[in-house]
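Thanks for coming. I have one structure to go through today, and I will keep to what can be computed from its atoms.

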Amino acid sequence: MRPPIDVARFAGAWRWLVASNSVFLGAELALLLGIDPIEGRAGVKPERIAQSIHPDDRAPYVEAVERASFYGGDISLSYRVMSSEALHRIEIAGSCVRAGRGGRPLEYLGGAHVWEQPDEHPLAMAADHLLNAAQLVRGAGEKSLSLFIDMALMEMATRLASREKIPPKPCPRISVVR
């Protein structure tokens, strides 16, 4: 299910020179990818961008880059990027605008949109991964590791709750009737 259109915004343009394997990024797009805007403007390798992508989305990105660098055509990708403040879904689209001999791609131009997902904090994602790890560790019978994971989960829950400013539940009053 796609979020409403009003949570999407243009994040910047990009240009990929295939022969030099350099991707040039607009300032905002570079920042979203955790890349210094000056470095993004000077050009980065696609592998550098892959480092910023959520591990679960990295393989499709690498595959698309490899395919596009050899066959050309259009690029359309969606992947998640985690910053220190939030999780973002970035959608990029681009087309091969210049080809060399035999139709091999030389240059791509494209743009990127970011879908804000303020309810998915990086700590919440980390907690999901820790929950999966807890199941595996408990299945392996590792009690001491299980305790460490439980402590990390408690700390994450505390920090997420304080971030959301959830008021503490009131303590019930106990009356003694004689």
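Which residue forms a salt bridge with Asp57? Arg80 does, and the closest N and O atoms of the two are 2.8 Å apart. Arg80 sits in strand β3 and Asp57 in helix α4, so this pair ties together parts that are 23 residues apart in sequence. Both ends are covered: Arg80 is buried, and Asp57 is buried as well.

Before going on, a word on what you are looking at. This is a predicted model. The chain has 178 residues, and 35% of them count as buried. There are 6 helices and 5 strands. Reading from the N terminus, the order of elements is β-β-α-α-α-α-β-β-β-α-α.

Back to the charged pairs. A search of the whole structure gives 8 salt bridges. I will take two further ones, and they have a residue in common.

One of them is between Glu107 and Arg15, whose side chains meet at 2.6 Å, N to O. Glu107 belongs to strand β5, residues 105-117, and Arg15 to strand β1, so the contact ties together parts that are 92 residues apart in sequence. How do the two ends compare in exposure? Glu107 has a relative accessible area of 10%, so it is buried. Arg15 comes out at 34% relative accessibility and therefore counts as partly exposed.

Glu107 also has a salt bridge with Arg98, where the closest N and O atoms are 3.0 Å apart. Arg98 has a relative accessible area of 42%, which means that it is partly exposed. Through shared partners, the salt bridges join Arg15, Arg98 and Glu107 into one network.

Next, the cavity. How many cavities of 30 Å³ or more does the structure hold? The number is 1. Its volume is about 150 Å³.

The lining consists of 14 residues, and those nearest the centre are Trp14, Val23, Ile49, Tyr61 and Ile92. By type, the lining residues divide into 14 nonpolar, no polar and no charged. If you are wondering about Tyr61, tyrosine counts as nonpolar in this scheme.

Which elements each supply at least two residues of that lining? They are β1 (8-17), β2 (22-25), α3 (46-52), α4 (55-71) and β3 (74-82). The element that gives the most is β3, with 3 residues. You have already met β3 and α4: the buried pair I began with has Arg80 in the strand and Asp57 in the helix, so those two elements are tied by a salt bridge and also appear in the list of elements that supply the lining.

Now the outside, where helix α6 has a nonpolar patch to show. Leu145, Phe148 and Met151 make a nonpolar surface patch of about 330 Å². Leu145 lies in helix α6, which covers residues 143-164, and Phe148 is in helix α6 too.

Is Leu145 buried, partly exposed or exposed? Its relative accessible area is 42%, so Leu145 is partly exposed. Phe148, at 54% relative accessibility, counts as exposed, because the cut-off for that class is over 50%.

There are two C-alpha distances to give for this helix. Phe148 and Ala134 are 14 residues apart in sequence, with 9.4 Å between their C-alpha atoms. Glu155 and Ala127 are 28 residues apart in sequence, and their C-alpha atoms lie 9.8 Å apart. Glu155 is another residue of helix α6, and at 38% relative accessibility it counts as partly exposed.

One last item, on the backbone. Most residues other than glycine have a negative phi. Asn21 is not a glycine, and yet its phi is positive, at about 55°. Where is Asn21? It is in the loop between β1 and β2. With a relative accessible area of 23%, Asn21 is partly exposed. The two strands on either side of that loop, β1 and β2, are among the elements that each supply at least two residues to the lining of the cavity.

To recap briefly: a buried pair, Arg80 and Asp57; a network of Arg15, Arg98 and Glu107; a cavity with 14 nonpolar lining residues; a nonpolar patch of about 330 Å²; and a positive phi at Asn21. That is what I have.

Methods. Residues are numbered from 1 along each chain as its sequence is written. This is a predicted model: local features need pLDDT of at least 70, side-chain atom pairs count only at pLDDT 80 or more; totals for chains, interfaces and linings use all residues. Side-chain values use heavy atoms; hydrogens and water are left out. On a 1 Å grid over the protein atoms alone, a cavity is a set of points where a 1.4 Å probe fits but cannot get out, and a pocket is an open set with protein on both sides within 12 Å along at least five of seven lines; lining residues have an atom within 4 Å of a point. Grid points are joined across faces, edges and corners, and a volume is the space filled by probe spheres set on the points. Helices (H or I, at least four residues) and strands (E, at least two) are DSSP runs, numbered from the N terminus. Patches are made of residues with over 30% relative accessible area and no salt bridge: like charges are joined within 9 Å, nonpolar side chains (Val, Leu, Ile, Met, Phe, Trp, Tyr) within 5 Å. Accessible areas come from the Shrake-Rupley method with a 1.4 Å probe; for residues, only the protein chains shown count as cover. A salt bridge is a side-chain nitrogen of Lys or Arg within 4 Å of a carboxyl oxygen of Asp or Glu. Buried means under 20% relative accessible area, exposed over 50%, partly exposed in between (1.4 Å probe, protein chains only).
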